[in-house]
Amino acid sequence: FPSHDRAEQWVLLLPNDSEIVHWNMIKLLEELSSCREIVAVVPISPVNPYKGMLPESRIAFGWNFHEGPLMLRRDFVENRLNNQGYVLDPDNFRGYLSFIELGLQVFAANMGLVATDLISFSENQSHLMHNHQLIGTEPIAQNLELLISEGEKWLAHKYGLEDR
């Protein structure tokens with residue numbers, strides 16, 4: 001983050017296959033400073049269909065985003081760690097529907113989750129396709145199968161959902 005007091009209020013979670021392609025943190029922090037209820041920011045990629053729907057501020061509320069980088073307000077992270085011992089459910093190893101779960105929890109607590117392209121990323125799938133062992137996972141086909149099968153088990157165990 002830039003040398004900025006407001007930057008210290010945020011934590012960026014960056015998956016190992018994400019590469020930052022646009023970084024306007026100063027503008028993002030200026031926009032966020034007026035809305036204390038926003039606790040989560042989802043950077044979207046240049047090819048994300050939501051990009052064309054962003055208003056002039058380049059920030060919009062939402063809840064249904066693909067997993068990827070995530071910026072969380074520091075006090076939100078500390079609160080979740082103190083109250084439940086984690087930020088994202090550690091039983092959901094591959095992050096199946098984790099942003100939807102987080103979004104629902106955030107909005108249920110009268111807080112906000114937004115998307116922006118003021119910071120954006122691209123996903124470098126070459127790591128998963130060619131060097132999966134370097135990032136500690138399985139080959140891409142097996143990884144995707146496990147995402148769904150493990151994710152459905154997690155969903156059934158945690159929420160009792162066993163079918164669509």
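Partly exposed here means a relative accessible area between 20% and 50%. Keep that range in mind for this tour of a predicted model.

**Stop 1: R36 and D75.** Select D75 first. At 30% relative accessible area, D75 is partly exposed. Now add R36. The two side chains form a salt bridge, 2.9 Å from N to O. This pair links distant parts of the chain, 39 residues apart. R36 sits in the loop between α1 (25-32) and β3 (38-43), while D75 belongs to helix α2 (residues 74-84). Add R73 to the selection as well: R36, R73 and D75 are linked in a network of salt bridges.

**Stop 2: R58 and D117.** Select both side chains. They meet in a salt bridge of 2.8 Å, N to O. R58 is in the loop between β3 and β4, and D117 is in the loop between β6 (112-116) and β7 (119-123), so the salt bridge ties together parts 59 residues apart in sequence. Color the two by accessibility. R58 is partly exposed at 24%. D117 is buried, with 8% relative accessibility.

**Stop 3: D89 and K158.** Another salt bridge waits here, with the closest N and O atoms of D89 and K158 2.8 Å apart. D89 lies in the loop between α2 and α3 (98-108), K158 in helix α5, and 69 residues separate them. D89 counts as buried at 10% relative accessibility. K158 is partly exposed, at 29%. For the wider view, the whole structure holds 10 salt bridges.

**Stop 4: T137.** Move to the loop between α4 (126-130) and α5 (140-159), where T137 is found. Is T137 buried or exposed? It is buried, because its relative accessible area is 16% and the cut-off for buried is under 20%. Show its polar contacts. The T137 side chain reaches the side chain of N143 at 2.6 Å. A polar contact of 3.0 Å runs from the T137 side chain to the side chain of E138. Leaving out residues up to four places away in sequence, T137 touches R94, L128, H132 and N143.

**Stop 5: the nonpolar patch.** Switch to a surface view and select F61, W63, L104 and F107. These residues form a nonpolar patch on the surface. Together they have about 430 Å² of accessible area. Finish on W63, in the loop between β4 (59-61) and β5 (70-73). W63 is partly exposed, with a relative accessible area of 44%.

Terms used
Residues are numbered from 1 along each chain as its sequence is written. This is a predicted model: local features need pLDDT of at least 70, side-chain atom pairs count only at pLDDT 80 or more; totals for chains, interfaces and linings use all residues. Side-chain values use heavy atoms; hydrogens and water are left out. Helices (H or I, at least four residues) and strands (E, at least two) are DSSP runs, numbered from the N terminus. Buried means under 20% relative accessible area, exposed over 50%, partly exposed in between (1.4 Å probe, protein chains only). A polar contact is a pair of N or O atoms within 3.5 Å; within protein, one must be able to donate a hydrogen and the other to accept it, and residues adjacent in sequence count only if both atoms are side-chain atoms. Contact means heavy atoms within 4.5 Å. Patches are made of residues with over 30% relative accessible area and no salt bridge: like charges are joined within 9 Å, nonpolar side chains (Val, Leu, Ile, Met, Phe, Trp, Tyr) within 5 Å. Accessible areas come from the Shrake-Rupley method with a 1.4 Å probe; for residues, only the protein chains shown count as cover. A salt bridge is a side-chain nitrogen of Lys or Arg within 4 Å of a carboxyl oxygen of Asp or Glu.
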